[in-house]
Amino acid sequence: MQEVPKKVELAFDKWLKGDINAKKSGKPRFKGKGQYKTFTYPQFKKEHFQKDKITLSKVGTIKVIVHRQIPDGFDIKTVSVTKKADGYYVNLSLNDKTVPTVKPDFNVDNIVGIDVGLIDFIVTSDDERIAAPKFLRKAERKLKSAQRRVSRRKKGSNRRRKAIKHLGIKHKKVADTRKDFHFKTANNLLKKYDVVAVEKLNIKGLAKSRLAKSVNDAGWGQFISILSNKAENAGLKVIAVNPNGTSQECSSCGTKVIKTLSERTHNCPNCKVSLCRDLNAAIIIKNRIVGRTILKLSQCPHRGVAEKPTLTCIQEV
């Protein structure tokens, strides 16, 4: 019950005062009994969590399937219990006292630029492509069938409740498959490169356009968030760059070549370069980072002191 008034206070503060960026949220709305699906324990003792069991106050000892054991040196801060379509999940918030260290063989010259898209999920500046999996599009037929089944059931009946649960499981499967794809893609990138340059896109704005369904299906925001977190834990770096002009400039000579969205090939009239539009954008993203990184490193006080530059030498642009 301690967490409930905290969430209410936070919601009203964001509405009346705004967040740390002074951006205000909408007016808080009443959340009914069926919508409140998470409760939190703000205090928890580590000894209440065993290998396959967890003891929760007012609930008792419950058998759980553990995703991974808690490593030594970590303390449990909070415990959240969430009801999802396929069951209950316990989320442990840990107090990590360790500090991420720089990768021993960190190489500031090992930079790649990536361009995200709807046809190819990402295209790297080294011309590696990963096709967009389109998980939602592939599951649309089954989702429509499950949604129709919900619509046919009488409101408030047990059969409607079962149909809603069946629909929720299908939606969760799409979300979980997409998230797994994002984790694997981010892991493969960080195995090869030490610095990854990405565009700082207005994803919320794109999600309101006519491409909304495809943008949400791709999940660029979730992917960049996962990529950034994994890079930080591994002692690597993800840098966001200004996306203005990346699709219209020439990566070879810098000439501005105006193209519509349907034109998938970049043909420069000045230097006669012809290559894929997405590859051209990825190279430009990398070039913007390379030039500014070298400038920052030349002004860095650590240059010449250490054998290799540290992450503090690389600033976000």
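In this predicted model, the largest pocket is lined by 29 residues. His67, Arg68, Val90, Asn91 and Leu92 are the lining residues that lie nearest the centre of this pocket. Its space amounts to about 1,100 Å³. Four strands, β2 (53-56), β3 (60-63), β4 (74-84) and β5 (87-96), each contribute at least two residues to the lining. Of the elements involved, β5 gives the most, with seven residues.

The search of the whole structure also returns one cavity of 30 Å³ or more. The volume of the largest cavity is about 30 Å³, and its lining consists of Ile114, Val116, Val198, Glu199, Leu201 and Ile224. Two elements, β6 (111-116) and β9 (195-199), give two or more residues to that lining.

The two spaces are set out below.

| Space | Volume | Elements giving two or more lining residues |
|---|---|---|
| Largest pocket | about 1,100 Å³ | β2 (53-56), β3 (60-63), β4 (74-84), β5 (87-96) |
| Largest cavity | about 30 Å³ | β6 (111-116), β9 (195-199) |

A separate site concerns Arg277, which is found in helix α7 (residues 277-298). Arg277 is buried, yet it has no salt bridge. The nearest side chain of opposite charge belongs to Asp278, 4.9 Å away; because a salt bridge requires a distance within 4 Å, this pair does not qualify. A polar atom of the Arg277 side chain does, however, lie 2.7 Å from the backbone oxygen of Thr260. Leaving aside residues up to four places away in sequence, Arg277 touches Ser247, Gln248, Lys259, Thr260, Leu261, Glu263, Arg264, Thr265 and His266. Thr260 thus appears both among these contacts and as the residue whose backbone oxygen faces the Arg277 side chain at 2.7 Å.

Methods:
Residues numbered from 1 in each chain as written. Predicted model: local features only at pLDDT ≥ 70, side-chain atom pairs only at ≥ 80, totals over all residues. Heavy atoms only, no water. Buried < 20%, exposed > 50% of the residue type's maximum accessible area, 1.4 Å probe, protein only. Lys, Arg positive; Asp, Glu negative; His and termini not counted. Polar contact = N/O pair within 3.5 Å; in protein donor to acceptor, adjacent residues only side chain to side chain. Contact = heavy atoms within 4.5 Å. 1 Å grid on protein atoms, 1.4 Å probe; cavity = no way out; pocket = protein on both sides within 12 Å on 5 of 7 lines; lining within 4 Å. Points joined across faces, edges and corners; volume = space filled by probe spheres on them.
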